[in-house]
Amino acid sequence: MNKLDQEQDVVNLAEKLGLTGSPVAAIINFCQDQIDTWVRDAGGVNSVDELEAVVTNRLNLVFEEINTDDDFERLKAKYVPLGEFVFAALSVDMDDDTYGTMVRLKDGTHVAVIDCRGDKAARRFFTRWHEIAHLLVEESVDKQVFRSTDEPLERLMDQIAGHVGFYDSIFTPLFNSSLSEGELLTFEHIESIRQDFCASASFQSTLFACQRRMRTPMLYVEIRMAHSESERRSLKQMRMFDDVPEEKLRVRITVPNEAALDIGLRTRWNMRVPESSILFSTVHDNADSDTSGDENLSTWTFSSGDSLMDYDVFIQARRIGDSVMATIQPRRGQ
Ligand SMILES: [Zn+2]
């Protein structure tokens, strides 16, 4: 069950498309089926670039990328003389939280403008597929600004992008050839798959694409310093001169794959990371390269005295700013 299945906008979209069953899965399948048909008609594809060409051709979509501020002037000079005045003020739309915007020209062409400046470059691949997703579910979009909002339909587009962008007939063979049966997935595998698949796809989105295809259990977690819920509540009522409780290292995001769900491999939201964990030292030693190690998850305890399940696991971690992303996989033969 997907959290977005409950959202009215998502339910309405599935209904409008004439789909039945779980809305999110049905909408993703609907998009996938369209692309599969186009790829079949085109006689197959061998790379992401070929796939993108087939899809954008069908959707009457062109991409324009903003790599420097000068590109706004370039687009203005190209499109304003055609009577597309929205391009005169495009830079105003592209604030810090906006990665892409889509404009429908008078001749019916869709122009998706992808912001690739600075940190946004890391999302280039994803933003392109996010815009494609909009057109897959809605043939004609008047003007679509993609802000990284929490709106259900925007999150749905991200989910569609994560599925159809990592196109199965291209990605899965790469994945299968890099990993032998039962082998643990490492960051080195993911990086090499990413380079072979599409160097402009982010490491994290490639990680998720790999995780979904793994038949062995794998948890993805993100951790950072945070207060407990009760500390957070009491902080709200605190007076200035009270002692502020210290933040501790806590699990903020957990994403299991299906095999992990099957064996109950999980963590709990906001639980503390024990000092004995490799993740703890990754944060406290300010590690600037990846770390990895083995530990047993039963050392991850709760204040109630309970603990996570007794699994010997391999953990690999990478610091990203204030947080750490990590993968957790049981050692074989347990
Ligand atoms: Zn969007």
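Begin with the whole protein chain in view: of its 334 residues, 31% are buried, and the model you are looking at is a predicted one. The C-alpha trace spans about 65 × 55 × 40 Å along its principal axes, and the secondary structure of the chain comes to 13 helices and 9 strands. If you switch on a contact map beside the viewer, consider the contacts between residues at least 6 apart in sequence, of which 57% join residues at least 24 apart.

Next, colour the chain by domain, selecting 3–165 for domain 1, 167–205 for domain 2 and 215–330 for domain 3, as the domain assignment gives them. Keep domain 2 and domain 3 visible, and note that their centres, taken over C-alpha atoms, are separated by 25 Å. Where these two domains meet, 6 residues of domain 2 are in contact with 9 residues of domain 3, and the side contributed by domain 2 consists, by class, of 3 nonpolar and 3 polar residues, with no charged residues.

Now move to domain 1, which the assignment places at 3–165, and select helix H7, residues 152–164, together with helix H2, residues 23–41. The axes of H2 and H7 lie 10 Å apart and the helices pack at an angle of about 45°, so H2 and H7 are oblique to each other, and their crossing is right-handed. To see the side chains involved, show Val24, Ile27, Ile28, Cys31, Gln32 and Ile35 on H2, which meet Leu156, Gln159, Ile160, His163 and Val164 on H7. Sorted by class, the residues of this contact between H2 and H7 are 8 nonpolar and 3 polar, with no charged residues.

Keep H7 selected and replace H2 with helix H1, residues 8–16, whose axis lies 8 Å from that of H7, the two helices packing at an angle of about 60°. This angle therefore makes H1 oblique to H7, and the crossing of H1 and H7 is again right-handed. On the H1 side, display Asp9, Val10 and Leu13, and on the H7 side Pro152, Leu153 and Leu156, since these are the residues that meet. By class, the contact of H1 with H7 has 5 nonpolar residues and 1 charged residue, with no polar residues. Leu156 deserves a label of its own, as it appears in the contact of H7 with H2 and also in the contact of H7 with H1.

From H7, continue to helix H10, residues 203–213, and pick out its buried residues, which are Ser205, Thr206, Leu207, Ala209, Cys210 and Gln211. With these shown, add their packing partners to the selection: helix H6 (124–137), H7, helix H8 (168–178), helix H9 (187–197) and strand E5 (219–226).

The last two stops concern the backbone. Most residues other than glycine have a negative phi. Select Asn60, which has a positive phi of about 55° although it is not a glycine; Asn60 lies in the loop between helix H3 (48–59) and strand E1 (61–66). Asn60 has 15 other C-beta atoms within 10 Å and is partly exposed.

Finish at Asn270, in the loop between helix H12 (258–263) and helix H13 (278–284). Asn270, which is not a glycine, has a positive phi of about 70°, and with 14 C-beta neighbours inside 10 Å it counts as partly exposed.

Technical notes. Residues are numbered from 1 along each chain as its sequence is written. This is a predicted model: local features need pLDDT of at least 70, side-chain atom pairs count only at pLDDT 80 or more; totals for chains, interfaces and linings use all residues. Domain bounds come from an automatic or database domain assignment. Two residues are in contact if their C-beta atoms, placed from the backbone, lie within 7 Å. Ala, Val, Leu, Ile, Met, Phe, Trp, Tyr, Cys and Pro count as nonpolar, Asp, Glu, Lys and Arg as charged, and the others, Gly among them, as polar. Axes are lines fitted to C-alpha atoms, for helices over the stretch in contact, and angles run from 0 to 180 degrees between N-to-C directions. Helices (H or I, at least four residues) and strands (E, at least two) are DSSP runs, numbered from the N terminus. Angles under 35 degrees count as roughly parallel, over 145 as roughly antiparallel, 65 to 115 as roughly perpendicular and the rest as oblique. A crossing is left-handed if the near helix is turned anticlockwise from the far one by less than a right angle, and right-handed if clockwise. A residue is buried if 20 or more other C-beta atoms lie within 10 Å of its own, exposed if 12 or fewer, and partly exposed in between; C-beta atoms are placed from the backbone.
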